Amino acid sequence: MGTDAVNEHKPLRRLWPVLSPLRSAARWTEIAAMAPKGIKKDGKSKAQALKALKSVKRSTWRQSRKPRYSTVFHRPKTFEAPRKPKYPRLSAPSPQKLDHFQIIKFPLTTESAMKKIEDNNTLVFIVDVRANKRQIKEAVGRLYDIQTQKINTLIRPDGAKKAYVRLTTDYDALDVANKIGII
């Protein structure tokens, strides 16, 4: 009687290893009552079943591989949080290193400098070593209200920087030297 109950319910054959402890015929009939009833034989339900079977067997998702045109692999850029410091690293902003009073130290009053003033319309200054020609030009313009044509610089053997400031034709170097107090 036990084997007939098993043969009678073929869909439950798959569950036999799972249900092996439940071998009594009474228990099998209870389980068979819970099993789904047979499928109707009409064509519509059969087509639906075949369609479902096809979709279960074959996955709809296809992986496509993106073509790579570079021979080098670079790791992707990741998120970098912006810095949010709890306190400023510098206690106070640093003051400007060179202002126009610091750039020009003093005018030279040597004989060769006086000759430049008279002959070439040029003033001679000792300036800060870190100053460049643009900064010297701006500082001379601010301090003495004059326009310069060009500036030549050199560093003397003692380490000081000398600037030859050629004035435009509008200004006379002798007048400016008198105003400054060189002569």
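**Exercise 1. How many residues does α6 have, and how far does α6 reach from its first C-alpha to its last?**

Before you start, keep in mind that this is a predicted model.

*Solution.*
- Step 1: Count along the helix. α6 has 12 residues.
- Step 2: Take the span. From first C-alpha to last, α6 reaches 16 Å, close to the 16 Å expected at 1.5 Å a residue.
- Step 3: Look at what comes next. Asp145 follows α6, and its phi is positive, near 50°.

**Exercise 2. Work out which residues of α6 are buried and where they sit around the axis.**

*Solution.*
- Step 1: Pick out the residues under 20% relative accessible area. In α6 these include Ile136, Ala139, Val140 and Tyr144.
- Step 2: Check how they spread. They cover an arc of only 100° around the axis, so they lie on the same side of α6.
- Step 3: Recall the helix geometry. With 3.6 residues a turn, an α-helix has residues three or four places apart pointing the same way.
- Step 4: Turn the helix over. The face pointing away from the buried side of α6 carries Arg134 and Arg142, both exposed.
- Step 5: Find the cover. The buried residues of α6 are covered by elements including α4 (100-103), β1, β2, β3, β4 and α7.

**Exercise 3. Trace the sheet: give its strand order and its edge strands, then place the helices on it.**

*Solution.*
- Step 1: Go strand by strand. The order is β1-β2-β4-β3 in an open sheet of 4 strands, with antiparallel pairing.
- Step 2: Find the strands that pair on one side only. Those edge strands are β1 (104-107) and β3 (148-155).
- Step 3: Get the twist. From one strand to the next it averages 30°.
- Step 4: Zoom in on one pair. β2 (residues 122-127) and β4 (residues 161-167) run antiparallel and share 6 bridges; Thr122, for instance, has Arg166 in β4 as its bridge partner.
- Step 5: Add α5. This helix (residues 111-120) lies across β2 and β4, at about 145° to β2.
- Step 6: Add α6 (residues 133-144). This helix packs on the sheet and touches β1, β2, β3 and β4, and its direction makes about 125° with that of β3.

**Exercise 4. Describe the largest nonpolar core and say which element gives the most to it.**

*Solution.*
- Step 1: Start with its members. The largest nonpolar core has 22 residues, and Ile104, Leu123, Phe125, Ile136 and Val140 have the most contacts inside it.
- Step 2: Sort by element. Two or more residues each come from α5, β2, α6, β4 and α7 (173-180).
- Step 3: Name the top contributor. α6 gives the most, with 4 residues.
- Step 4: Follow one member outward. Leaving aside neighbours within four places in sequence, Leu123 is in contact with ten-odd partners worth browsing, among them Ile117, Ile146, Val165, Val176 and Ile180.
- Step 5: Don't miss the other one. A second, separate core of 5 residues includes Leu108, Val124, Ile126 and Ala160.

**Exercise 5. Asn121 and Asp145 both have a positive phi: where does each sit, and is each buried or exposed?**

*Solution.*
- Step 1: Take Asn121. Its phi is about 55°, although it is not a glycine, and its place is in the loop between α5 and β2.
- Step 2: Apply the under-20% cut-off for buried. Asn121 has 17% relative accessibility, so Asn121 counts as buried.
- Step 3: Take Asp145. This residue is in the loop between α6 and β3.
- Step 4: Apply the over-50% cut-off for exposed. Asp145 has 56% relative accessibility, so Asp145 counts as exposed.

Terms used:
Residues are numbered from 1 along each chain as its sequence is written. This is a predicted model: local features need pLDDT of at least 70, side-chain atom pairs count only at pLDDT 80 or more; totals for chains, interfaces and linings use all residues. Side-chain values use heavy atoms; hydrogens and water are left out. Two strands pair if DSSP finds at least two bridges between them. Axes are lines fitted to C-alpha atoms, for helices over the stretch in contact, and angles run from 0 to 180 degrees between N-to-C directions. Contact means heavy atoms within 4.5 Å. Buried means under 20% relative accessible area, exposed over 50%, partly exposed in between (1.4 Å probe, protein chains only). A nonpolar core is a set of buried Ala, Val, Leu, Ile, Met, Phe, Trp, Tyr and Cys residues joined through side-chain atoms within 4.5 Å. The expected span of a helix is 1.5 Å times one less than its number of residues. The arc is that of the directions from the helix axis to the C-beta atoms.
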